[in-house]
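Let's take a walk through this model together. Have a look at the fold first, then read on.

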Amino acid sequence: MKEKVKTNFALVIRDKIEEDMLAGAYAPGEPLDELVLAERYGVSRTPIREAIQLLEVQGLAYRVSRGGAFVAKLSSKDLLALLELLAYQEGLCAMLAARRIAPEAVASLREFVDRCDQAAAQGDVEAYARENMAFHELLYASCRNDFLTREVTILRKRSQLYRRNNFHQPGRMTESAADHRRILEAIEKQDEMAAFRAAVDHIAVAGRSFAEFLMTLPDGFIADTSRAASLPSEET
């Protein structure tokens with residue numbers, strides 16, 4: 001029982017660090033100092049160490065032998081590969097949702113799409129990011145495949161370290177909201193392939209789009225080589 005309580009506490013701390021990480025409090029490649037984190041979250045080093053290990057499993061952190069732990073940092077090649085895989089996983093979620101989604105979930109998706117439209121029209125990035133996340137989480141759940149939902153959620157969190165500033169780019173919220181509308185319309189029509197294509201297209205990862213995306217990232221966000229920090233628990 002005591003071990004279970006310790007594990008649950010580590011999960012709570014993991015969730016807090018993850019939330020701050022995805023909100024931009026920690027940049028890719030930034031050290032995760034146990035003493036600093038313990039003071040910040042008001043706990044001992046033990047749950048911090050366990051929480052970091054859990055983040056490593058998710059691919060949100062990595063550890064260097066005798067060098068400590070760091071926020072995950074990808075090369076441009078690895079980031080492209082991650083976004084490419086995320087696009088097709090989201091496409092599969094949308095395709096299965098078109099086949100399996102419950103009527104009440106369709107209504108909720110429509111509400112999120114409407115709220116995204118409103119936030120985009122008002123230029124409210126914070127509100128848009130919130131409704132965008134709600135839309136995608138419901139889309140994942142509506143595929144009714146727990147394995148896929150879990151995997152795409154993990155991958156999206158890894159990509160979020162790099163994509164959180166995306167909505168600040170001119171016209172990006174309006175473009176994203178229009179994508180949501182196309183995904184929703186395909187799901188409402190139970191058009192599985194149209195839903196798949198709309199969801200894949202929602203994440204632009206090729207050619208000029210990817211190059212422009214890289215240009216929006218702050219200096220230091222991309223690793224110098226594909227080896228650096230691309231995998232959790234990597235030792236060098």
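**Two helices side by side**

H5 crosses H8 in a left-handed way (the near helix is turned anticlockwise from the far one by less than a right angle). Helices here are DSSP runs of H or I with at least four residues, numbered from the N terminus. This is a predicted model, where local features need pLDDT of at least 70, side-chain atom pairs count only at pLDDT 80 or more, and totals for chains, interfaces and linings use all residues. Residues are numbered from 1 along each chain as its sequence is written, and side-chain values use heavy atoms, leaving out hydrogens and water.

The axes of H5 (residues 103-122) and H8 (residues 172-188) come within 9 Å and cross at roughly 160 degrees, with axes fitted to C-alpha atoms over the stretch in contact and angles running from 0 to 180 degrees between N-to-C directions. That makes the pair roughly antiparallel, a label for angles over 145 degrees. Among the residues in contact (heavy atoms within 4.5 Å) are Val 106, Leu 109 and Val 113 of H5 and Ala 177, His 180 and Leu 184 of H8.

Now stay with H8. Its 17 residues should span 24 Å at 1.5 Å a residue, and its end C-alpha atoms are 24 Å apart, which agrees; the expected span is 1.5 Å times one less than the number of residues. Its buried residues (under 20% relative accessible area, 1.4 Å probe, protein chains only) include Met 173, Ala 177, His 180 and Leu 184. Covering the buried residues of H8 are, among others, H4, H5, H6 and H9. After H8 comes Gln 190, with a positive phi near 55 degrees.

How values were computed
Angles under 35 degrees count as roughly parallel, over 145 as roughly antiparallel, 65 to 115 as roughly perpendicular and the rest as oblique. Buried means under 20% relative accessible area, exposed over 50%, partly exposed in between (1.4 Å probe, protein chains only).
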